[in-house]
Amino acid sequence: MTTAVPSLPALLRKRAADRPDAPAFTFVDYAVDPNGFSETLTWSQMLQRAVNLADELRQCGSPGDRAAILAPQGLQYIVAYYGAVEAGFAAVPLPVPILGAHDERVSAALQDCKPSVILTTSDTVDAIATYARADGGNAAPTILEVDSLDLDSPSEIGASTHAPDSIAHLQYTSGSTGQPTGAIITHRNLLTNFDQIADAFF
């Protein structure tokens with residue numbers, strides 16, 4: 001059960017302490033290999049990368065800022081999410097914009113959340129750049145390519161100070177029937193949902 005911890009970063013620390021070398025996330029990429037190319041991050045690797053990315057993010061803004069994630073499916077997306085949450089930013093998970101066309105849903109969500117930083121990967125950064133522009137007096141967001149950063153270097157990992165009711169991420173609607181709308185998801189919301197899933201399936 002996760003109710004013994006107050007936040008997602010605290011839960012990540014607990015998993016890394018209890019099972020440092022156990023697989024945390026595995027992504028199987030069928031675009032690289034039709035038979036599936038598998039990559040795995042352990043709990044300790046996940047925590048180290050999240051902490052290091054959080055240090056990078058703090059140079060781009062302050063806790064409470066939004067960090068939009070526009071990256072392909074894969075481990076880098078997960079690292080981007082955990083890094084944003086670790087930094088105290090509100091993560092804004094979004095899809096990669098439709099290539100060859102202006103993606104109105106992504107554009108509307110970015111205009112609404114006004115991120116201070118956009119997290120992406122080196123193979124999609126060119127497509128993302130057109131969305132990272134100044135808006136209504138707000139400076140253009142910084143773009144960070146998660147896969148181009150050295151996130152495995154050892155660094156000090158302190159205790160988590162995230163409050164249960166602080167924002168973990170903004171979840172945007174599809175925008176299929178109107179402008180995308182962001183719903184606030186707190187750490188308490190996430191941990192409660194994790195417990196509900198565990199109760200239902202295990």
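## A tour of rings, a loop and a pocket

Begin by selecting F25, W43, Y81 and Y82, which are linked into a cluster by ring pairs. As you look at them, keep in mind that the model is a predicted one. A search through the whole structure finds three aromatic pairs. Zoom in on Y81 and Y82, whose ring centres are 6.0 Å apart and whose planes stand at 85°, so this pair is edge-to-face, since planes over 60 degrees apart count that way. Are Y81 and Y82 buried or exposed? Both Y81 and Y82 turn out to be buried.

Next, move to K114, which you will find in the loop that runs between α4 (104-113) and β5 (117-120). If you check its backbone, K114 has a positive phi of about 50°, although K114 is not a glycine. With a relative accessible area of 37%, K114 is partly exposed, because values between 20% and 50% are given that name.

Finally, turn to the largest pocket, which has a volume of about 330 Å³. Which elements give two or more residues to the lining of the largest pocket? They are β1 (23-29), β2 (37-42) and α3 (75-86), so colouring these three elements is a helpful way to find your place. The lining of the largest pocket is made up of 16 residues, and if you select D29, E39, Q73, G74 and Q76 you will have those that lie nearest its centre. Sorted by class, the lining of the largest pocket holds seven nonpolar residues, four polar ones and five charged ones.

Conventions
Residues are numbered from 1 along each chain as its sequence is written. This is a predicted model: local features need pLDDT of at least 70, side-chain atom pairs count only at pLDDT 80 or more; totals for chains, interfaces and linings use all residues. Side-chain values use heavy atoms; hydrogens and water are left out. Rings of Phe, Tyr and Trp (its six-membered ring) pair if their centres lie within 6.5 Å; planes under 30 degrees apart count as stacked, over 60 as edge-to-face and the rest as tilted. Buried means under 20% relative accessible area, exposed over 50%, partly exposed in between (1.4 Å probe, protein chains only). Helices (H or I, at least four residues) and strands (E, at least two) are DSSP runs, numbered from the N terminus. On a 1 Å grid over the protein atoms alone, a cavity is a set of points where a 1.4 Å probe fits but cannot get out, and a pocket is an open set with protein on both sides within 12 Å along at least five of seven lines; lining residues have an atom within 4 Å of a point. Grid points are joined across faces, edges and corners, and a volume is the space filled by probe spheres set on the points. Ala, Val, Leu, Ile, Met, Phe, Trp, Tyr, Cys and Pro count as nonpolar, Asp, Glu, Lys and Arg as charged, and the others, Gly among them, as polar.
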